[in-house]
Amino acid sequence: MRIVAGELRGRRIVAPKGTVTRPTTDKARQATFNALGSLNAVVGANVVDLFAGSGALGIEALSRGAAHCTFVERDRVALDALRSNIETLELGERASVIRGDGLVHAGSTHDATLVLADPPYSFAQWPELLECLSSPIVVAESDRELTNEIAGSIAWQVIRTKRYGRAYVTFIQRIPYRS
């Protein structure tokens with residue numbers, strides 16, 4: 001797996017062995033970050049990569065100009081790969097790693113301007129996750145479209161969904177509060 005674009009373009013990152021982690025494909029990452037670039041959501045961003053796995057999404061954000069990324073991952077093997085990637089790419093000053101569950105730590109992401117959420121495909125707690133977040137944009141990867149899970153939300157709206165093989169990447173934007 002390689003970083004698709006930015007200052008680290010072409011550099012390799014390792015993914016943990018086994019079936020626990022499902023890295024986002026290069027094609028999906030490239031399309032996702034191209035779309036985020038058109039929204040001016042990456043350069044200077046304070047990113048949180050929930051359910052980080054190898055860190056491919058957050059590292060791509062850092063490569064493309066994000067100011068900082070906090071990675072949240074609970075699996076020990078994935079954490080080892082994530083920490084190795086951060087060290088190898090010399091991103092330590094712009095990255096922090098939290099060992100824990102993404103849903104549990106979502107409530108402590110108040111200063112995030114962009115949240116990347118790629119939980120296991122069995123994850124069904126999207127409404128609870130979104131309720132905890134205060135960032136203006138969330139990019140969610142799932143094995144299904146998330147429109148129904150978000151339809152009842154008064155705070156969020158789906159602005160784009162694209163399918164890449166088995167994965168659906170959904171852009172979710174906070175609805176501005178109107179009094």
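Contact here means heavy atoms within 4.5 Å of each other. This is a predicted model, so please keep in mind that local features need pLDDT of at least 70 and side-chain atom pairs count only at pLDDT 80 or more, whereas totals for chains, interfaces and linings use all residues. Residues are numbered from 1 along each chain as its sequence is written, and side-chain values use heavy atoms, with hydrogens and water left out.

**View 1. Seven strands form an open sheet with mixed pairing.** Let us start with the sheet. Helices (H or I, at least four residues) and strands (E, at least two) are DSSP runs, numbered from the N terminus, and two strands pair if DSSP finds at least two bridges between them. Reading across the sheet gives the order S3-S2-S1-S4-S5-S7-S6. Strand S3 (95-99) and strand S6 (156-164) are at the edges with a single partner strand each, so one side of each has no neighbour in the sheet. From one strand to the next, the twist averages 15°; axes are lines fitted to C-alpha atoms, for helices over the stretch in contact, and angles run from 0 to 180 degrees between N-to-C directions.

**View 2. S3 pairs with S2 in the parallel sense, and H3 lies across both strands.** The S2 and S3 pairing runs over 5 bridges, and Ala 95 in S3 is the residue opposite Cys 69. The direction of H3 is at about 170° to that of S3. Look for Leu 79, found in helix H3. Leu 79 has a relative accessible area of 1% and is therefore buried; buried means under 20% relative accessible area, exposed over 50%, and partly exposed in between (1.4 Å probe, protein chains only). Apart from neighbours within four places in sequence, Leu 79 is in contact with Glu 73, Arg 74, Val 97 and Arg 99. From Leu 79 to Ala 52 is 8.5 Å, C-alpha to C-alpha, although the two are 27 residues apart in sequence.

**View 3. Helix H2 is largely enclosed by the rest of the structure, because 8 of its 8 residues are buried.** The buried residues include Glu 60 and Ser 63 as well as Leu 57, Ile 59 and Leu 62. Among the elements that cover them are H1, S1, S2, H3, S3 and S4. H2 packs on the sheet, where it touches strand S1 (46-50), S2, S3 and S4, and its direction makes about 175° with that of S2. Gly 65, just after H2, takes a positive phi of about 110°.

**View 4. The largest nonpolar core brings together 33 residues.** A nonpolar core is a set of buried Ala, Val, Leu, Ile, Met, Phe, Trp, Tyr and Cys residues joined through side-chain atoms within 4.5 Å. Leu 36, Val 47, Phe 71 and Leu 116 have the most contacts inside this core. Helix H1 (26-38), helix H3 (76-88) and strand S5 (137-142) are among the elements that give it two or more residues, and H2 supplies the largest share, 5 residues. Another core, of 20 residues, lies apart from it and includes Leu 103, Leu 130, Leu 133 and Leu 146. Back in the largest core, the residues that Leu 116 touches include Phe 33, Leu 36, Val 47, Leu 57 and Val 139, not counting residues up to four places away in sequence.

**View 5. S6 and S7 form a hairpin with 2 residues between them.** The two strands pair in the antiparallel sense over 8 bridges, with Val 158 opposite Ile 172 in S7. In the turn, Gly 165 has a positive phi of about 65°. Thr 170 also lies in strand S7 and counts as buried because its relative accessibility is 0%. Val 138, Leu 146, Val 158 and Arg 160 are among the residues that Thr 170 touches.

**View 6. Ring pairs join Phe 51, Phe 123 and Trp 126 into a cluster.** Rings of Phe, Tyr and Trp (its six-membered ring) pair if their centres lie within 6.5 Å; planes under 30 degrees apart count as stacked, over 60 as edge-to-face and the rest as tilted. The structure holds 2 such pairs. Phe 123 and Trp 126 make an edge-to-face pair, because their ring centres are 5.2 Å apart and their planes are at 85°. Both of these residues are buried.

**View 7. Cys 69 and Cys 132 are too far from each other for a bond.** Their sulfur atoms are 18 Å apart, whereas a disulfide is a pair of cysteine sulfur atoms within 2.5 Å. Across the whole structure, a search finds 0 disulfides. Cys 69 is buried at 0% relative accessible area, while Cys 132 counts as partly exposed at 31%.
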